Amino acid sequence: MKYRELIIEKKEYDFLKQIMSLAIYYKDTSYKASIFKLNEELKDAKIVSNEKMPADVIRLNSLVTIETPYAVERTYQIVTPEKGDIRKDKISVLAPMGLALFGYAQGDNITWTFPLGESHIKIKEVKQIEPDLFKVNYDKKHSRTS
C-alpha cells in the first residue's frame with residue numbers, strides 16, 4: 001500500500017458511512033461482505049481535509065485505470081450509487097469493485113473477494129474529477145447584489 005493506510009476525505013467519509021449504514025438492507029451477500037470489509041478498513045483509515053487529499057487516491061468521481069489478472073485493463077469512474085451504470089463504465093462506490101478501490105492509491109495492488117471469487121487488482125492510474133460534494137452552485141436569483 002503506497003500510503004500504508006486508506007486515505008479518505010472527511011466529507012466523503014461521512015457520506016460513505018451514511019450510505020453504508022443503509023446498505024444493511026441489501027439482500028446480496030457479496031455486497032454485504034464488501035461493505036463489511038470496507039467498514040473494517042475505515043476503522044484504521046486516515047481522514048483528511050479536501051486540501052490535504054493526495055491527488056492519486058481514489059475517491060468519488062475518480063477515473064481509475066486498473067489491471068486485472070490476464071492483463072485486462074479497464075478504466076472506470078467511481079460514482080455515487082444513483083449514478084452507477086456499468087455500461088458507461090461508472091461504478092457505484094457501493095458495488096464490490098467500488099468498495100474495493102475506494103481510498104487506495106495509484107500503484108497499489110489489492111486483493112478483494114468479488115461475487116465470482118477472489119481477484120487481484122493493480123491500480124495503474126488515478127485521475128481526479130471534482131467531487132460533487134464540493135461543488136457549490138450559486139443561484140443569481142437569490143444573490144444579495146442589486
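**Group meeting: strands, core and salt bridges in a predicted model**

Three bridges join β4 to β5, and these two strands run parallel. Strands here are DSSP runs of E of at least two residues, helices are runs of H or I of at least four, and both are numbered from the N terminus. Two strands count as paired if DSSP finds at least two bridges between them. One bridge partner pair across β4 and β5 is Gln77 with Lys90, the latter in β5.

Before going on, the source. This is a predicted model, in which local features need pLDDT of at least 70 and side-chain atom pairs count only at pLDDT 80 or more, while totals for chains, interfaces and linings use all residues. Residues are numbered from 1 along each chain as its sequence is written, and side-chain values use heavy atoms, with hydrogens and water left out.

Now the overall layout. The chain has three helices and seven strands, and along the sequence they follow the pattern β-α-α-β-β-β-β-α-β-β. Of the 146 residues, 41% are buried. Buried means under 20% relative accessible area, exposed means over 50%, and partly exposed is in between, with a 1.4 Å probe and protein chains only. The accessible surface comes to about 9200 Å², and carbon and sulfur atoms hold 52% of that. Those areas are from the Shrake-Rupley method with a 1.4 Å probe, and for residues only the protein chains shown count as cover.

On to the sheet. Which order do the five strands take? The open sheet reads β5-β4-β3-β7-β6, with mixed pairing. β5 and β6 are the edge strands, each pairing on one side only. From one strand to the next the twist averages 45°; axes are lines fitted to C-alpha atoms, for helices over the stretch in contact, and angles run from 0 to 180 degrees between N-to-C directions.

At the β6 edge, β6 and β7 form a hairpin with two residues between them. Their pairing is antiparallel, over six bridges, and Thr111 stands opposite His120 in β7. Side chains alternate along β6: Ile110, Trp112 and Phe114 point to one face and are buried, while Asn109, Thr111 and Thr113 point to the other and are not.

Next, the core. In soluble globular proteins, nonpolar side chains tend to be buried together. A nonpolar core here is a set of buried Ala, Val, Leu, Ile, Met, Phe, Trp, Tyr and Cys residues joined through side-chain atoms within 4.5 Å. The largest one has 32 residues, and Leu16, Leu38, Ile78, Val93 and Leu101 have the most contacts inside it. Elements giving two or more residues to this core are α1 (10–22), α2 (29–42), β3 (63–68), β4 (72–79), α3 (96–101), β6 (109–114) and β7 (117–127). Apart from that core lies another of five residues, among them Ile7, Val48, Met53 and Ala105.

What does Ile78 touch, leaving out residues up to four places away in sequence? Its contacts (heavy atoms within 4.5 Å) include Ile58, Leu60, Val64, Ile91, Val93, Leu101 and Phe102. For the chain as a whole, residues 24 or more positions apart account for 59% of the contacts with a separation of 6 or more.

Last, the charged pairs. A search of the whole structure finds nine salt bridges, each defined as a side-chain nitrogen of Lys or Arg within 4 Å of a carboxyl oxygen of Asp or Glu. I will go through three.

Asp56 and Lys2 meet at 2.3 Å, N to O. This pair links distant parts of the chain, 54 residues apart: Asp56 is in the loop between β2 (46–48) and β3, and Lys2 is in the segment before β1 (7–9). Is Asp56 buried or exposed? Asp56 counts as buried, at 12% relative accessibility, whereas Lys2 is partly exposed at 44%.

Lys124 and Glu67 form a salt bridge at 3.3 Å, N to O. Lys124 is in strand β7 and Glu67 in strand β3, so the pair ties together parts that are 57 residues apart in sequence. Both are partly exposed, Lys124 at 35% and Glu67 at 26%. A network of salt bridges links Glu67, Glu73 and Lys124.

For Arg74 and Asp89, the closest N and O atoms are 2.6 Å apart. Arg74 lies in strand β4 and Asp89 in the loop between β4 and β5 (90–92), so parts 15 residues apart in sequence are tied together. Arg74 is partly exposed at 38%, and Asp89 is partly exposed at 26%.
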